Amino acid sequence: MNYENPLIVQGDRSLLLDVHAPLAEECRNALIPFAELERSPEHLHTYKLSPLSLWNAASVGFSAQDAIDVLNKFARYDVPQSVVMWIKEIEGRFGKLRLVLGPEKKVPLKVSQEVEENQESDESKFILEKYLYLLCASGVIYKEVFANQSLKKIIIPTEYEGTDEVTEEEKQYCFLLQLTDRGTIKQLLLNAGWPVKDDVPLADGEPLDVSLREVTLGGKELKIRQYQKESAKALVGDKGKGTGFGTIVLPCGAGKTIVGMTIMDLLKTSTLIITTNISAVHQWIDELLDKTNLTRDQIAEYSGENKEIKQVTVATYQVLTWRPEKDGPYPHFSIFHERSWGLIIYDEVHMLPAPVFRVVADLQAVRRVGLTATLVREDGCEGYVFSLVGPKRYDVPWKELEQSGWIATAECIEVRVDLPVEKEIEYAVATAREKHRIASENSNKIDLVKKIIDKYDQDKILVIGQYINQLEEISKMLDCPIITGKTPNTERDKIYDDFRNGKIRVLVVSKVANFAIDLPDASLAIQVSGTFGSRQEEAQRLGRILRPKERTSRFFTLITRNTVEEEFGSNRQKFLAEQGYSYKIVRSSEEI
């Protein structure tokens, strides 16, 4: 027992961190690899141990004993024995199931009915098809896997005849499955509580001579920051088994695009980049031209406007998930198989749409990286990212980069606004969804927006919201441009450029600007409405103003007092609180 230590480990596997204790900062950094931060109010921060957090840690070599040692080092009281045993048992599941390369088998070549009719026998026509082995560490696990009805459909009990180094148990307890089921098996087994260690080599893609410039086309020296190098190397590894796939988590403004290009430099292979919108596509292309030796002839845009495929292709999630009929096929999924891709970059991977998840399951032989500021998904599908794109390979606290000067210092202010008297009865009798909209579109917010903009007249300002009518009214009042989903892409890009170049000081944007947009000089954001309680959105919106700069960035959120917006606002702020940001709450009548 050491009352100076900062951590209280509880029997329900929650961890309470006393932020005022002398070793609090050291303890917080030590918990990052294997524990999930849930709440961080002023004095006690709450972490939670979960199977996914431990498997993420195990996948990058952080053992159960490493986690237990951290808890013992920083615990104020004795660590409950039940927690120690649980950590060992859960982490011990990682590696008990392994995928390794299986044999090539001859299978009949499927031909059309027309060809069949003109041939005496098509049984003589075969192709070589690759298979995988799923190896089990024990007979108990083997029986549990084979008893799973979903898994039974894609696995076949077999004898091991491969060349990989395996244990005697693995030789005895072995399944065969098709190469195309590599992602599906990982997803199904994760749902069953058994993470799979993927030791199948990744295929090399089409080579590409790509390298980072020492001096950008803009004439600036290109310096890759240490954490950017470390995150790229954490993914690429030695290019051997178990490397080349995973997720990199870095704050908005930390240069995730640079990390992606550094990985391209290390792998030197044809690359497919998928991002959130057309402006982000153009931004990626501009960055590739500015910071690598690639020429415009080597880079293609695959979007609603242009559909080319070259050695480096940048596409949008939207075009990939478009289909002409509700229940029909996705015609643009073929892009994944058009070339021998050596690398796929999923930008803002937390936004990965469900249909693309299914394609990702088929692309397990390709090196792949997910880039994101937060793995938070409101639908709880973080495990899909783990099993299909890959485990978290690198993470760094937002505040750590802020203290190093790599992202801006930020102040978060929540301004409480009264609902107009004439709206009180309408609000009282409204449905839950209607209540949120009435509170979000509170007309009193509009005057407050102007007051903030007038006060901070040296800042470059983004006004961000959910409801288009509200944003159009603000745009008209301020006489400034507005970008929504209906704004043509050419006009959208011009407005963004004008903002970057200083021709525009205030810009009104809908949620289309939440992701993957680089507006480096923005130093103040006013959030007038949000998507219910989305923590992910809150993080991304703050990220618009985190590019490093001399002045402190400010993030204002306008909340209607005594309405559902207070509760939703509190949930949205949760992720930022987990990163160490505190919200100052003021009334609209107070000095802001």
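The questions and answers below walk through salt bridges, aromatic pairs, one helix and a few single residues.

This is a predicted model, in which local features need pLDDT of at least 70, side-chain atom pairs count only at pLDDT 80 or more, and totals for chains, interfaces and linings use all residues. Residues are numbered from 1 along each chain as its sequence is written, and side-chain values use heavy atoms, with hydrogens and water left out.

Student: How many salt bridges does a search of the whole structure find?

Tutor: Side chains of opposite charge can pair when their charged atoms come close. The cut-off here is a side-chain nitrogen of Lys or Arg within 4 Å of a carboxyl oxygen of Asp or Glu. Searching the whole structure on that basis gives a count of 27.

Student: Asp 199 forms a salt bridge with Arg 98; how far apart in sequence are the parts that the pair ties together?

Tutor: The closest N and O atoms of Asp 199 and Arg 98 are 2.9 Å apart. Asp 199 lies in the loop between β9 (197–198) and α10 (226–236), and Arg 98 in strand β5 (residues 97–108), so the pair ties together parts separated in sequence by 101 residues. Helices (H or I, at least four residues) and strands (E, at least two) are DSSP runs, numbered from the N terminus.

Student: Is Asp 199 buried or exposed?

Tutor: Buried means under 20% relative accessible area, exposed over 50%, and partly exposed in between (1.4 Å probe, protein chains only). Asp 199 has a relative accessible area of 7%. Its partner Arg 98 has 12% and is buried. The class of Asp 199 is therefore buried.

Student: Which residues are linked with Arg 98 in a network of salt bridges?

Tutor: Asp 199 is one of them, through its salt bridge with Arg 98. The network also takes in a residue of helix α8 (residues 168–172), Glu 170. Along with Arg 98, the members are Glu 170, Lys 197 and Asp 199.

Student: What lies 3.0 Å from a polar atom of the side chain of Glu 170?

Tutor: Glu 170 is buried, at 6% relative accessible area. Beyond its neighbours within four places in sequence, Glu 170 is in contact (heavy atoms within 4.5 Å) with Arg 98, Leu 135, Cys 136 and Ala 137. At 3.0 Å from its side-chain polar atom is the backbone nitrogen of Thr 167.

Student: Which residue does Arg 416 meet in a salt bridge?

Tutor: The N to O distance of this bridge is 3.3 Å, and the partner is Glu 566. The pair links distant parts of the chain, 150 residues apart: Arg 416 sits in strand β17 (residues 410–417), the partner in helix α24 (residues 564–572). That partner is partly exposed, at 23% relative accessibility: Glu 566.

Student: Phe 34 and Phe 62 form an aromatic pair; what is the angle between the planes?

Tutor: Rings of Phe, Tyr and Trp (its six-membered ring) pair if their centres lie within 6.5 Å; planes under 30 degrees apart count as stacked, over 60 as edge-to-face and the rest as tilted. The whole structure holds ten such pairs. Phe 34 and Phe 62 are stacked, 5.5 Å centre to centre, with an angle of 15°.

Student: Where does Phe 62 lie?

Tutor: Phe 34 is buried at 0% relative accessibility. Phe 62 is also buried, at 19%. Phe 34 lies in the loop between α1 (24–31) and β3 (36–39); its partner is 28 residues away in sequence, in the loop between α2 (51–59) and α3 (64–74).

Student: How many of the nine residues of α2 are buried?

Tutor: The helix is mostly covered. Its cover includes β3, β4 (44–48), α4 (81–91), α9 (182–191), α16 (382–389) and β16 (392–395). Among the buried residues are Leu 52, Leu 54 and Trp 55. The count is eight.

Student: Which residues make the nonpolar surface patch of about 390 Å²?

Tutor: Patches use residues with over 30% relative accessible area and no salt bridge; like charges are joined within 9 Å, nonpolar side chains (Val, Leu, Ile, Met, Phe, Trp, Tyr) within 5 Å. Areas come from the Shrake-Rupley method with a 1.4 Å probe; for residues, only the protein chains shown count as cover. Tyr 3 is exposed, at 57%. The patch is made by Met 1, Tyr 3 and Tyr 77.

Technical notes. Polar contact = N/O pair within 3.5 Å; in protein donor to acceptor, adjacent residues only side chain to side chain.
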